[in-house]
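I sat down with this one to look up a handful of spots and write down what I found. Here are my entries, in the order I made them.

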Amino acid sequence: MMATSEAVLQVIGGSQPCLFGSDHSFRKFGSSHTCRSFIRYRKKRVSKYVNFLNCSNTSYRAIRVDHFLNTRQPVHGNIAQSYLRSANCKCQRADSVSSTASENGTGTWFVDNDQSFDAVHGNTPSVLQFETVEELKVGEDFQSNGSLPPNGSVQDALNRIAENSIEDEAWELLRESMVYYCGSPVGTIAAQDPTSSNVGVLNYDQVFIRDFIPSGIAFLLKGEYEIVRNFILHTLQLQSWEKTMDCHSPGQGLMPASFKVRTVPLDGDDSATEEVLDPDFGEAAIGRVAPVDSGLWWIILLRAYGKSSGDLSVQERIDVQTGIKMILRLCLADGFDMFPTLLVTDGSCMIDRRMGIHGHPLEIQALFHSALLCAREMLTPEDGSADLIRALNNRLVALSFHIREYYWIDMKKLNEIYRYKTEEYSYDAVNKFNIYPDQISPWLVEWMPNKGGYLIGNLQPAHMDFRFFSLGNLWSIVCSLTTDDQSHAILDLIEAKWADLVADMPFKICYPALEGQEWQIITGCDPKNTPWSYHNGGAWPTLLWQLAVASIKMNRPEIAAKAVEVAEKRISRDKWPEYYDTKKARFVGKQARLFQTWSIAGYLVAKLLLANPSAAKILITQEDSELLNAFSCAISSNPRRKRGPKSSQKTYIV
């Protein structure tokens, strides 16, 4: 009662309470401790070097803002086989975490140690289980005397209050997920589920590059750039820089899937500790799959940071330029593959388990195309970059043609495939990949709308994966991998198949789910990827932000707004789960973590972009006139011409 009275007096007196419990204590601590940075090499019995990114101090105590996770878990996997990159860090005082709630008009403050008031559902237990002060912002919905405006309705006012309350809760949870290294924010953990006892064991307490992207975009749109800048530079320092012949080590240029800030004893002083950044390149991941998409997302976020903050000094740094080139060289390296698409193994992207997406999955191709465009925009002109930029441009033209021509499917193309001739041997073959018409599944014949189309999930010899993969299609719109007509057709299909792709919670990761014997063979009887669950047709709220960017780019934001409205009915009440199960997304995922950070951040980014559509330009890439001309030449030339003399220029099969 005493605490409540004091809090109310603070509000009346005009002082704003701290909504995020880690502000003052940690800033105070961060300003008093000192640390030095150095590179330390530890040689293990297997003759590997573990390069720790160190920040030591003699009076260190763990700096955390999350209230539920123990950061002193044992190291996952064999550290001797980890490739912990060295880096220098400058320890500095962490910037204060600013409050997102501000009183606008006449607001009501509710203060309670154990509960917070929910305007829609009544009193519910506090999510974070610590003393909070929550404001229900009424804004212009109420007059100064507290009455409704003449032209308003009670339901409309309550709906606006509920929306504001959900956003405030989301911002609070997002800030609570922030991870600090040497007193500075460097990322957000994957989930902070207080009901799960094995979050740390299953690496949900780590900072994932893939998962941080919507968090980083949310902070950029909010004008908070420090955490994104720190994330970019620290993950760069974890990048693998050395070529190795050891099959258990990452290839040169590979970015880690995730990292964790660990506190370890300082050598030679048992009373002192130090912080280290411990990356995971897939050595400890389920299935031991290397993260192909991490480096591609890193390039996309780097460009977004520069466009949003105006700070181009980061992308112009020598180490950052080197990091970009290393990622590009890894992706553009010569191999046995004959196509301009990127050849990867199963589980190399958001779908990180066996789901039959090995080969040339659409999601990787869309991110690859986007990263190539972003990198070309950021690379500084110099002699060493000329060959790389030339190869990049050639790949962009070939990749665009290949995806638009061979991955696209609508009713017209489906009819063509239905009448394909097979076993064609010649340079002028129509059925270039020897696709058998019997591959067309009955579900597709019934599901394909008369208006609309999409990019298939994969293409390989004698194989077309006709499943609709959401992230690949949405990001193909964002990065202009599809034409304008194709982009609109994808959105047309989403509207036509709203009940399947959105249903009770947006957005299906893929459609349809693998079932029966097909599920057994393709997934290996994966008990987590059962039909209509997890990656196998589950619904992922984080996909809201990609839907928002794609809809805004095509000047159809009402599609994303409608999906956000669907999500707001449940997502907060369901405690921000990782994914939803069943064909209509009616149940919270059977193994879904609650308070999943990228579910929270995806919602926030969608709301911020819908409120300010022009901000989406930091993510959107457009084809320039030079690339369009090159693509037109590729289209106008006869793709069925017979083989002639070898050209001096490097070419790709289209």
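**Entry: Phe468**

I began with Phe468, which I found in strand S14, residues 463-469. This is a predicted model, so I read everything below as computed from it. Is Phe468 buried or exposed? Its relative accessible area is 0%, so Phe468 is buried.

Next I asked which residues Phe468 touches, leaving out those up to four places away in sequence. My list reads Trp447, Tyr454, Asn473, Leu493, Ile494, Leu501, Phe507, Ile509, Cys510 and Tyr511. I also looked up Gly453, which is 15 residues from Phe468 in sequence. From C-alpha to C-alpha, Phe468 and Gly453 are 9.9 Å apart in space.

**Entry: cis peptide bonds**

Phe507, one of the contacts of Phe468, came up again when I turned to the backbone. Pro506 and Phe507 are joined by a cis peptide bond, with omega at about 15°. I placed Phe507 in the loop that runs between helix H15 (498-501) and strand S15 (510-511).

Tyr511 is also among the residues that Phe468 touches, and I noted a cis bond here too: the peptide from Tyr511 to Pro512 has omega near -5°. Where does Pro512 sit? I found Pro512 in the loop between S15 and helix H16, the latter covering 516-523.

**Entry: positive phi**

I then looked up some phi angles. Cys182 is not a glycine, yet its phi is positive, at about 55°. Cys182 belongs to the loop between strand S7 (178-181) and strand S8 (184-188). With a relative accessible area of 2%, Cys182 is buried.

Lys575 is another residue other than glycine with a positive phi, in this case near 65°. I located Lys575 in the loop between helix H18 (557-568) and strand S16 (580-581). Its relative accessible area is 40%, so I wrote Lys575 down as partly exposed.

**Entry: two helices**

How many residues of H9 are buried? I got 16 of 17, so the rest of the structure largely encloses this helix. H9 covers residues 362-378, and its first and last C-alpha atoms are 24 Å apart, close to the 24 Å expected at 1.5 Å a residue.

H4 was next on my page: residues 209-221, 13 of them. From first C-alpha to last, H4 reaches 18 Å, close to the expected 18 Å. H4 is mostly covered, with 12 of its 13 residues buried. Among the buried residues of H4 I noted Arg210, Asp211, Phe212 and Pro214. Just after H4, Gly223 has a positive phi of about 80°.

**Entry: salt bridges**

How many salt bridges does a search of the whole structure find? The search returned 18, and I looked into a few.

Arg210 of H4 took me to Asp293: their side chains meet in a salt bridge at 2.6 Å, N to O. This pair links distant parts of the chain, since Asp293 lies in helix H6 (residues 293-309) and Arg210 in helix H4, 83 residues apart. I checked the cover on both partners. Asp293 has 0% relative accessibility and counts as buried, and Arg210 is buried with a relative accessible area of 11%.

I moved on to Asp526 and Arg353, whose side chains form a salt bridge at 2.8 Å, N to O. These two are 173 residues apart and again link distant parts of the chain: Asp526 is in the loop between H16 and helix H17 (544-553), and Arg353 is in the loop between helix H8 (318-332) and H9. Both Asp526 and Arg353 are buried.

My last pair was Glu495 and Arg556, with their side chains meeting in a salt bridge at 2.8 Å, N to O. Glu495 lies in helix H14 (residues 484-496) and Arg556 in the loop between H17 and H18, so distant parts of the chain, 61 residues apart, are linked here. Glu495, at 39% relative accessibility, counts as partly exposed, whereas Arg556 is buried at 12%.

To finish the page, I noted a network: salt bridges that share partners join Glu167, Glu568 and Lys607.

Note on methods. Residues are numbered from 1 along each chain as its sequence is written. This is a predicted model: local features need pLDDT of at least 70, side-chain atom pairs count only at pLDDT 80 or more; totals for chains, interfaces and linings use all residues. Side-chain values use heavy atoms; hydrogens and water are left out. Helices (H or I, at least four residues) and strands (E, at least two) are DSSP runs, numbered from the N terminus. Buried means under 20% relative accessible area, exposed over 50%, partly exposed in between (1.4 Å probe, protein chains only). The expected span of a helix is 1.5 Å times one less than its number of residues. Contact means heavy atoms within 4.5 Å. A salt bridge is a side-chain nitrogen of Lys or Arg within 4 Å of a carboxyl oxygen of Asp or Glu.
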